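Me: Could you walk me through the strand pairing and the nonpolar core of this protein?

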Amino acid sequence: MPTPVSSDLYTQVQHFYARQMQALDEGRLEEYTQTFTKDGSFQHSPDIAPAVGRDAILEELRSFLKKYQDNPTQRRHFFNQMVLEPQEDGSIRSTVYALIVRVRPNERPEVWPSTVVHDVIEVTDGEILLRSRSVSYDQLV
(Lines give C-alpha, C1' and ligand atoms only; values in the text may rest on other atoms or scores of the structure.)
Protein backbone atom coordinates (compact mmCIF):
# COMPACT_ATOMS: atom_id res chain seq x y z
CA MET A 1 0.00 0.00 0.00
CA PRO A 2 1.41 3.43 -0.94
CA THR A 3 2.61 5.82 1.72
CA PRO A 4 -0.25 8.15 2.65
CA VAL A 5 0.10 11.91 2.47
CA SER A 6 -0.46 14.00 5.59
CA SER A 7 -3.99 15.04 6.44
CA ASP A 8 -2.87 18.69 6.09
CA LEU A 9 -1.69 18.11 2.51
CA TYR A 10 -4.84 16.15 1.68
CA THR A 11 -6.96 19.07 2.89
CA GLN A 12 -4.83 21.58 0.98
CA VAL A 13 -5.33 19.62 -2.24
CA GLN A 14 -9.10 19.50 -1.63
CA HIS A 15 -9.12 23.30 -1.28
CA PHE A 16 -6.97 23.61 -4.39
CA TYR A 17 -9.43 21.52 -6.40
CA ALA A 18 -12.42 23.48 -5.04
CA ARG A 19 -10.90 26.81 -6.07
CA GLN A 20 -9.74 25.41 -9.42
CA MET A 21 -13.13 23.94 -10.36
CA GLN A 22 -15.00 27.07 -9.29
CA ALA A 23 -12.72 29.14 -11.52
CA LEU A 24 -13.42 26.79 -14.44
CA ASP A 25 -17.17 26.63 -13.83
CA GLU A 26 -17.42 30.41 -13.53
CA GLY A 27 -15.50 30.97 -16.76
CA ARG A 28 -12.39 32.43 -15.15
CA LEU A 29 -10.20 30.56 -17.60
CA GLU A 30 -7.02 32.59 -17.07
CA GLU A 31 -7.23 31.86 -13.35
CA TYR A 32 -7.79 28.17 -14.08
CA THR A 33 -4.72 27.98 -16.34
CA GLN A 34 -2.59 29.52 -13.60
CA THR A 35 -3.18 26.35 -11.55
CA PHE A 36 -0.84 24.50 -13.95
CA THR A 37 2.94 24.70 -14.07
CA LYS A 38 4.22 26.90 -16.91
CA ASP A 39 4.90 23.76 -18.97
CA GLY A 40 1.91 21.81 -17.63
CA SER A 41 -0.18 19.57 -19.87
CA PHE A 42 -3.94 19.20 -20.05
CA GLN A 43 -5.91 16.54 -21.92
CA HIS A 44 -9.64 16.63 -21.33
CA SER A 45 -10.74 14.70 -24.39
CA PRO A 46 -9.32 11.39 -25.64
CA ASP A 47 -9.46 12.46 -29.29
CA ILE A 48 -7.52 15.70 -28.78
CA ALA A 49 -3.77 15.89 -28.17
CA PRO A 50 -2.75 17.34 -24.79
CA ALA A 51 -2.40 21.11 -24.63
CA VAL A 52 1.08 21.91 -23.26
CA GLY A 53 1.79 25.19 -21.53
CA ARG A 54 -0.59 27.69 -19.98
CA ASP A 55 -1.21 29.59 -23.24
CA ALA A 56 -2.09 26.39 -25.09
CA ILE A 57 -4.36 25.25 -22.24
CA LEU A 58 -6.17 28.60 -22.32
CA GLU A 59 -6.62 28.37 -26.09
CA GLU A 60 -7.93 24.80 -25.83
CA LEU A 61 -10.48 25.80 -23.20
CA ARG A 62 -11.66 28.79 -25.24
CA SER A 63 -11.97 26.60 -28.33
CA PHE A 64 -13.92 23.95 -26.41
CA LEU A 65 -16.35 26.48 -24.92
CA LYS A 66 -17.13 28.05 -28.30
CA LYS A 67 -19.51 25.19 -29.05
CA TYR A 68 -21.72 26.37 -26.17
CA GLN A 69 -22.03 29.99 -27.36
CA ASP A 70 -25.50 29.47 -28.81
CA ASN A 71 -26.55 26.94 -26.20
CA PRO A 72 -26.01 28.40 -22.73
CA THR A 73 -24.85 25.66 -20.42
CA GLN A 74 -23.66 25.91 -16.84
CA ARG A 75 -21.31 23.13 -15.80
CA ARG A 76 -20.44 22.19 -12.24
CA HIS A 77 -17.52 19.84 -11.60
CA PHE A 78 -17.75 17.64 -8.51
CA PHE A 79 -14.54 15.91 -7.40
CA ASN A 80 -14.57 13.10 -4.84
CA GLN A 81 -12.93 9.80 -3.88
CA MET A 82 -9.53 11.49 -4.12
CA VAL A 83 -6.46 9.29 -3.75
CA LEU A 84 -3.07 10.98 -3.39
CA GLU A 85 0.15 8.98 -3.84
CA PRO A 86 3.59 10.50 -3.25
CA GLN A 87 6.07 9.77 -6.06
CA GLU A 88 9.84 9.31 -5.86
CA ASP A 89 10.48 12.60 -7.68
CA GLY A 90 8.57 14.54 -4.99
CA SER A 91 5.41 14.95 -7.03
CA ILE A 92 2.03 13.54 -6.03
CA ARG A 93 -0.13 11.39 -8.26
CA SER A 94 -3.81 12.19 -7.77
CA THR A 95 -6.72 10.08 -8.95
CA VAL A 96 -10.17 11.60 -8.53
CA TYR A 97 -13.66 10.61 -9.57
CA ALA A 98 -15.43 13.55 -11.20
CA LEU A 99 -19.05 14.06 -12.08
CA ILE A 100 -19.93 17.01 -14.26
CA VAL A 101 -23.45 18.35 -13.91
CA ARG A 102 -24.77 20.28 -16.91
CA VAL A 103 -27.62 22.74 -16.48
CA ARG A 104 -29.37 24.49 -19.34
CA PRO A 105 -32.01 27.20 -18.86
CA ASN A 106 -35.43 25.77 -17.98
CA GLU A 107 -34.15 22.18 -18.08
CA ARG A 108 -33.41 19.63 -15.41
CA PRO A 109 -29.77 19.19 -14.45
CA GLU A 110 -28.08 16.16 -15.96
CA VAL A 111 -24.92 14.35 -14.94
CA TRP A 112 -22.72 14.15 -17.99
CA PRO A 113 -20.10 12.83 -18.06
CA SER A 114 -18.74 10.59 -15.35
CA THR A 115 -14.95 10.69 -15.44
CA VAL A 116 -11.71 9.86 -13.68
CA VAL A 117 -9.19 12.68 -13.44
CA HIS A 118 -5.50 11.76 -13.36
CA ASP A 119 -3.25 14.56 -12.14
CA VAL A 120 0.42 14.95 -11.30
CA ILE A 121 0.74 17.60 -8.62
CA GLU A 122 3.78 19.62 -7.66
CA VAL A 123 4.01 21.33 -4.28
CA THR A 124 6.71 23.99 -3.97
CA ASP A 125 6.96 26.27 -0.95
CA GLY A 126 3.34 25.50 -0.10
CA GLU A 127 2.06 26.30 -3.61
CA ILE A 128 0.14 23.54 -5.38
CA LEU A 129 0.28 23.37 -9.18
CA LEU A 130 -0.58 20.70 -11.75
CA ARG A 131 2.21 19.30 -13.88
CA SER A 132 -0.34 17.33 -15.87
CA ARG A 133 -4.01 16.41 -16.08
CA SER A 134 -5.65 13.76 -18.19
CA VAL A 135 -9.30 12.83 -18.06
CA SER A 136 -10.77 9.42 -18.87
CA TYR A 137 -14.47 8.96 -19.55
CA ASP A 138 -16.43 6.08 -18.07
CA GLN A 139 -18.72 5.75 -21.09
CA LEU A 140 -15.72 5.18 -23.38
CA VAL A 141 -14.40 2.18 -21.48
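Here are a few questions and answers on the sheet and the core.

Reply: Happily! This is a predicted model, in which local features need pLDDT of at least 70, side-chain atom pairs count only at pLDDT 80 or more, and totals for chains, interfaces and linings use all residues. Residues are numbered from 1 along each chain as its sequence is written, and side-chain values use heavy atoms, with hydrogens and water left out.

Me: How many bridges join S3 to S4?
Reply: Strands are DSSP runs of E with at least two residues, helices runs of H or I with at least four, numbered from the N terminus. Two strands pair if DSSP finds at least two bridges between them. S3 (residues 74-86) and S4 (residues 92-103) run antiparallel, and the bridges joining them number 11.

Me: Which residue in S5 is the bridge partner of Ile92?
Reply: S4 also runs antiparallel to S5 (residues 110-124), with 10 bridges joining the two. In S5, the partner of Ile92 is Ile121.

Me: Which helix or strand gives the most to the largest nonpolar core?
Reply: A nonpolar core is a set of buried (under 20% relative accessible area, 1.4 Å probe, protein chains only) Ala, Val, Leu, Ile, Met, Phe, Trp, Tyr and Cys residues joined through side-chain atoms within 4.5 Å. The largest one has 28 residues, and Leu84 and Ile121 are among those touching the most other members. S3, S4 and S5 are among the elements that each supply at least two of its residues. The top contributor, with 7 residues, is H1.

Me: In the hairpin of S3 and S4, which residue takes a positive phi?
Reply: This hairpin has 5 residues between its strands. The residue with a positive phi, near 95°, is Gly90.

Conventions:
Buried means under 20% relative accessible area, exposed over 50%, partly exposed in between (1.4 Å probe, protein chains only).
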